Amino acid sequence: MTLTSNTPLKDSQDTPLHRVLWGKKQILVNDQEPLLPQLERAGVFVEYQCREGYCSSCSLKLIRGHVMYPSEPLAWVQSGYLLACCAIVKSDIEIAFLS
Ligand code: FES
């Protein structure tokens with residue numbers, strides 16, 4: 001499965017959508033809210049505690065793609081990782097859950 005496509009995806013309100021790939025699963029997310037609630041609505045469980053960027057418990061490995069943070073999280077975000085509770089997905093991404 002590849003992440004790239006020449007056709008931009010949009011929802012019914014014309015909001016751009018991005019693919020989130022982990023393993024062989026894929027969901028579509030928008031850039032209007034953080035990744036965590038969108039994963040939860042898709043039935044994906046992500047460990048969390050604060051949901052505000054303080055604790056790092058929602059850290060996921062970012063294999064490829066881009067996310068941004070509307071405000072800088074207080075928790076340390078290691079290079080190659082993201083904080084799902086506050087990361088806004090800005091491109092198709094591939095993630096891995098920490099074991
Ligand atoms: S849940 Fe605490 S930083 Fe995301």
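Q: Is cysteine 58 buried or exposed here?
A: In this predicted model, cysteine 58 has a relative accessibility of 2%, so it counts as buried.

Q: And what about cysteine 55, how does that one count?
A: Cysteine 55 has a relative accessibility of 32%, so it counts as partly exposed.

Q: OK, how many disulfides are there?
A: The count comes to 0 disulfides. As background, a disulfide is a covalent bond that joins the sulfur atoms of two cysteines.

Q: Switching to strands, how many residues of β2 are buried?
A: Strand β2 covers residues 16-22, and 6 of its 7 residues are buried, so the strand is largely enclosed by the rest of the structure.

Q: Which way do β2 and β3 run, parallel or antiparallel?
A: Strand β3, residues 25-30, runs antiparallel to β2, and 6 bridges join the two. One of the bridge partnerships is between arginine 19 and leucine 28, the latter lying in β3. The two strands form a hairpin with 2 residues between them, where glycine 23 takes a positive phi near 60 degrees.

Q: What about β1 and β2, how many bridges there?
A: Strand β1, residues 9-10, is joined to β2 by 2 bridges, and these strands run antiparallel. Leucine 9 stands opposite leucine 17, which belongs to β2. This pair also forms a hairpin, with 5 residues between the strands, and aspartate 14 in the turn has a positive phi of about 70 degrees.

Q: And β8, in which sense does it pair with β2?
A: Strand β8, residues 93-96, pairs with β2 in the parallel sense over 2 bridges, and valine 20 stands opposite isoleucine 93 of β8.

Q: New topic: how many aromatic pairs does the structure hold?
A: The structure holds 1 aromatic pair. The ring centres of tryptophan 22 and phenylalanine 97 lie 6.2 Å apart and their planes are at 70 degrees, so the pair is edge-to-face. It links distant parts of the chain, since tryptophan 22 is in strand β2 while phenylalanine 97 is in the segment after β8, 75 residues apart.

Q: Are those two residues buried or partly exposed?
A: Tryptophan 22 is buried, with a relative accessible area of 15%, whereas phenylalanine 97 is partly exposed, at 30%.

Q: Last thing, which ring does the charged end of arginine 51 sit over?
A: The charged end of arginine 51 sits over the ring of tyrosine 48, at 4.4 Å from the ring centre. Likewise, the charged end of lysine 61 sits over the ring of tyrosine 81, at 4.8 Å from its centre.

Note on methods
Residues are numbered from 1 along each chain as its sequence is written. This is a predicted model: local features need pLDDT of at least 70, side-chain atom pairs count only at pLDDT 80 or more; totals for chains, interfaces and linings use all residues. Side-chain values use heavy atoms; hydrogens and water are left out. A disulfide is a pair of cysteine sulfur atoms within 2.5 Å. Buried means under 20% relative accessible area, exposed over 50%, partly exposed in between (1.4 Å probe, protein chains only). Helices (H or I, at least four residues) and strands (E, at least two) are DSSP runs, numbered from the N terminus. Two strands pair if DSSP finds at least two bridges between them. Rings of Phe, Tyr and Trp (its six-membered ring) pair if their centres lie within 6.5 Å; planes under 30 degrees apart count as stacked, over 60 as edge-to-face and the rest as tilted. A charge sits over a ring if NZ of Lys or CZ of Arg is within 6 Å of the ring centre and within 35 degrees of the ring normal.
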